[in-house]
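Welcome, and do bring your questions. Shall we look at this one together?

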Amino acid sequence: MNIDSITNGFVIDHIIAGRGMRIYELLGLDHVDCSVAIIKNVNSKKHGRKDIIKIDADIPIDFDVIGYVDPGATINIIRDGELVEKRFIELPETLTNVIKCKNPRCITTTEQEINHIFKLTDRDAGIYRCMYCETKAN
Amino acid sequence: MRSLIDILDFSTSEVDELIASANDIIDNPAKYAEKCKGKKLATLFFEPSTRTRLSFEAAMLELGGSVLGFSEANSSSAAKGESVSDTAKTISCYADIIAMRHPKEGAPLVAAQAASIPVINAGDGGHNHPTQTLTDLLTISREKGGFENLTVGFCGDLKFGRTVHSLITALSRYKGIKIVLISPEELKLPSYIKKDVLAKNNIPYEQTTDLESVMPELDILYMTRVQRERFFNEEDYLRLKDSYILEPRKLTNAKSDLCIMHPLPRVNEISLAVDDDPRACYFKQVLYGKYIRMALILKLLEEAQK
């Protein structure tokens with residue numbers, strides 16, 4: 001399977017197999033104009049199988065989203081066809097407007113234009129809780 | 001702007017300062033009679049409450065201040081669809097401090113982010129009720145002389161009781177505390193509190209379904225109501241409900257200086273006959289609630305002036 005190399009953009013690599021679509025959705029890549037490739041179940045020495053996302057444009061990317069879904073993923077930043085930076089990420093302390101609180105009693109369900117903010121409360125277990133009602137993110 | 005949304009917003013030393021301040025108010029009420037002269041407390045109660053609202057209002061009046069506000073959402077602009085943020089910004093133009101109760105969890109935090117005056121969370125749904133926790137802490141402090149080396153029993157609905165969760169969290173910051181959890185299987189303390197609060201702070205605890213078996217160990221007995229609607233079937237409720245009703249005969253083996261607490265309102269979980277027992281502290285607890293709220297209002301207004 002051949003996917004063209006990109007000139008300016010990002011390669012999100014080493015995504016745990018099956019999590020690529022979640023990153024794709026949360027980054028809103030279905031709404032961008034540039035070329036985007038999502039490659040699933042690629043052979044990987046590290047994971048056995050992995051997903052890869054290639055974005056062929058220098059668009060704003062929320063790295064926290066990637067860290068939240070898979071802190072083991074790596075981000076390769078490509079400029080003029082060259083790898084200029086390899087970024088390792090981790091679970092972000094705060095997630096803003098990435099996920100929504102599902103607690104029907106939370107103020108975020110009724111207050112308009114409020115930011116949906118989740119805080120990392122247990123790094124080892126990767127648990128995030130809503131800043132307003134402390135409900136655990138699913 | 002400093003507000004009180006969660007009991008953990010205040011350090012243990014700040015809680016201790018508040019308790020010292022409340023004790024001074026109790027001992028020297030005249031000294032505080034005009035401390036808040038010219039200041040206004042807005043009580044924004046989007047759902048009904050007797051004790052908490054009147055306690056805040058009595059607290060401000062005893063400090064020489066004034067009170068304005070509403071006691072149900074229907075008599076506020078919320079009924080027209082106004083956001084909590086806008087309400088908080090508007091009230092900031094009229095008052096010096098806000099006490100807010102709201103059925104939505106996190107609403108007082110939203111208000112605090114928008115307001116230019118201090119906001120006190122007076123209860124947000126089933127989430128937080130920090131001034132009840134401060135009330136409980138003042139009660140324990142006055143009745144037991146401090147917090148260290150106490151065995152505290154929590155009895156009844158430990159699953160949904162926000163006062164229980166907050167008080168356990170607050171007590172876990174003190175040394176030598178032991179917790180005894182007394183509840184039916186269906187209403188046990190949530191495992192995340194056992195893990196995130198008790199285990200994390202190395203607080204020893206035991207769980208039991210039998211109140212009488214642990215009664216002799218307890219320095220504090222914190223009663224809560226076992227509600228019919230929490231059970232999946234009527235049979236279980238009928239089988240268990242009387243186990244968690246405190247009656248004089250169940251106190252036979254209790255310590256002579258046991259302190260019996262309850263956040264109120266009670267329905268039938270403490271029999272009226274217990275009221276005459278000198279160990280019953282739940283109405284003193286109500287009175288202490290007013291004094292700790294006076295101390296809190298003073299602290300937040302003083303910090304706002306800085």
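What follows is a conversation about this predicted model.

Visitor: Let's start with chain A: how many helices and strands are there?
Guide: Read along the sequence, chain A follows the pattern β-α-β-β-α-β-β-β-β-β. Counting up, that comes to two helices and eight strands.

Visitor: And what share of the contacts in chain A between residues at least 6 apart in sequence join residues at least 24 apart?
Guide: For a picture of this chain, its C-alpha trace spans about 50 × 30 × 25 Å along the principal axes. Buried residues make up 26% of its 138 residues. As for contacts between residues at least 6 apart in sequence, the share joining residues at least 24 apart is 59%.

Visitor: Which helix of chain B gives the most to the side that touches chain A?
Guide: Twelve residues of chain B are in contact with twelve residues of chain A. On the chain B side, α3 (84-92) and α4 (107-114) each supply at least two residues. That side divides into four nonpolar, six polar and two charged residues. With three residues, the helix that gives the most is α4(B).

Visitor: Are α3(B) and α4(B) parallel or oblique to each other?
Guide: The axes of these two helices come within 8 Å and cross at roughly 50 degrees. An angle under 35 degrees would count as roughly parallel. α3(B) and α4(B) are therefore oblique.

Visitor: Which residues of α4(B) meet α3(B)?
Guide: α3(B) passes α4(B) in a right-handed crossing. By class, their contact has six nonpolar, one polar and one charged residues. From α3(B) come Val84(B), Ser85(B), Ala88(B) and Lys89(B), and they meet Ala107(B), Val110(B), Ala111(B) and Ala114(B).

Visitor: Which helix gives the most to the largest nonpolar core?
Guide: This core has 116 residues, and Ile98(B), Ala111(B), Tyr222(B) and Ile297(B) touch the most other members. The helix that gives the most to the core, with ten residues, is α10(B).

Visitor: Which residues does Ile98(B) touch, not counting those up to four places away in sequence?
Guide: Ile98(B) is one of the core residues that touch the most other members. Leaving out residues up to four places away in sequence, Ile98(B) touches Ala42(B), Leu44(B), Ala88(B), Ile91(B), Ala111(B), Ala115(B), Ile117(B), Val119(B) and Ile120(B).

Visitor: Back to α10(B): what is the handedness of its crossing with α2(B)?
Guide: Helix α2 (residues 51-62) of chain B packs against helix α10 (residues 282-305) of chain B at an angle of about 55 degrees, with the axes 8 Å apart. That makes α2(B) oblique to α10(B). Their crossing is right-handed.

Visitor: Which residues of α10(B) does α2(B) meet?
Guide: By class, this contact has seven nonpolar, two polar and four charged residues. α2(B) brings Arg51(B), Ser55(B), Phe56(B), Ala58(B), Ala59(B), Met60(B) and Glu62(B), which meet Val286(B), Gly289(B), Lys290(B), Arg293(B), Met294(B) and Ile297(B).

Visitor: How are α5(B) and α10(B) set relative to each other?
Guide: The axes of helix α5 (residues 130-144) of chain B and α10(B) come within 8 Å and cross at roughly 115 degrees. Angles of 65 to 115 degrees fall in one class, and α5(B) and α10(B) are therefore roughly perpendicular.

Visitor: What classes of residue make up that contact of α5(B) with α10(B)?
Guide: α5(B) contributes residues including Leu134(B), Leu138(B) and Arg142(B), while among those from α10(B) are Tyr288(B), Ile292(B) and Leu296(B). The crossing is right-handed. By class, the contact of α5(B) with α10(B) has six nonpolar, five polar and three charged residues.

Key. Residues numbered from 1 in each chain as written. Chains lettered and ligands numbered in written order. Predicted model: local features only at pLDDT ≥ 70, side-chain atom pairs only at ≥ 80, totals over all residues. Axes fitted to C-alpha atoms, helices over the stretch in contact; angles between N-to-C directions. Helix = DSSP H or I, 4+ residues; strand = E, 2+ residues; numbered from the N terminus. Parallel < 35°, antiparallel > 145°, perpendicular 65-115°, else oblique. Left-handed = near helix turned anticlockwise from the far one by under 90°. Contact = placed C-beta atoms within 7 Å. Nonpolar A, V, L, I, M, F, W, Y, C, P; charged D, E, K, R; others polar. Core = buried A, V, L, I, M, F, W, Y, C linked by C-beta atoms within 7 Å. Buried ≥ 20, exposed ≤ 12 C-beta atoms within 10 Å, placed from the backbone.
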